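I opened a new page for this protein. My plan is to go through the sheet, then the helices, then the totals.

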Amino acid sequence: MSGARSQLLGAVETALKRIQKANGFHTDAGLAVTLEPTPEKEDEAEQFVAAVWTSQARASDVALLRTHRLTTFRVVAKVPADMDDAQEHLDELLDDIERAMEAQQTLYPKGYEFPRYQGAESLAGQIAAGWVGVAVTYTSHIPIRRPAA
């Protein structure tokens, strides 16, 4: 991964891959992590997590105006669910994402701000399709260009 945004998402991908029941999480969504904006899944009920940058803006910290951009990215995930347990699965999925993202500062390259949670939105409107999902928004100040190694 060559660009600064790619470096950020690569670190996010590593954090999200921890989401596995064997690691103490509620779901195994971390077994299928992608950085593609439109993941292709053979089974619509299959669980996955995708991390995609959604926007960039001028740095919000005056000290970073010349060197960094405020980058917003979303973590979108879904897991199988039915009408009887959809809310529970939705809550567990959001908890898994938040736990996977916290305390992982060492994953991010020098000069990258640790992602800050901004909010989450339920994608529960798809219960009839056999799954529920969530979109979690984070921001991070990242270098305008990838720092030299």
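I count two strands as paired if DSSP finds at least two bridges between them. The model is predicted.

Entry one, the overall layout. I found 2 helices and 5 strands in the protein. Reading along the sequence, I noted the pattern α-β-β-β-α-β-β.

Entry two, the sheet. I looked up the strand order and got β1-β2-β3-β5-β4, in an open sheet of 5 strands with mixed pairing. β1 and β4 (116-122) stand at the edges with a single partner strand each, so one side of each has no neighbour in the sheet. I then checked β4 against β5: they pair in the antiparallel sense, over 6 bridges. For Ala 120, I found that the bridge partner in β5 is Val 136.

Entry three, helices on the sheet. α1 packs on the sheet and touches β1, β2, β3 and β5. Its direction makes about 145° with that of β2. α2 also packs on the sheet, touching β3, β4 and β5, and its direction makes about 20° with that of β5.

Entry four, α1 itself. This helix covers residues 4-16, and its 13 residues reach 19 Å from first C-alpha to last, close to the 18 Å expected. Which residues of α1 are buried? I listed several, among them Ala 4, Leu 8, Val 12 and Leu 16. What covers the buried residues of α1 includes α2 (86-101) as well as β1, β2, β3 and β5.

Entry five, totals. Buried residues make up 41% of the 149 residues. The protein exposes about 8,100 Å², with 48% of it supplied by carbon and sulfur atoms.

Note on methods:
Residues are numbered from 1 along each chain as its sequence is written. This is a predicted model: local features need pLDDT of at least 70, side-chain atom pairs count only at pLDDT 80 or more; totals for chains, interfaces and linings use all residues. Side-chain values use heavy atoms; hydrogens and water are left out. The expected span of a helix is 1.5 Å times one less than its number of residues. Buried means under 20% relative accessible area, exposed over 50%, partly exposed in between (1.4 Å probe, protein chains only). Contact means heavy atoms within 4.5 Å. Axes are lines fitted to C-alpha atoms, for helices over the stretch in contact, and angles run from 0 to 180 degrees between N-to-C directions. Accessible areas come from the Shrake-Rupley method with a 1.4 Å probe; for residues, only the protein chains shown count as cover.
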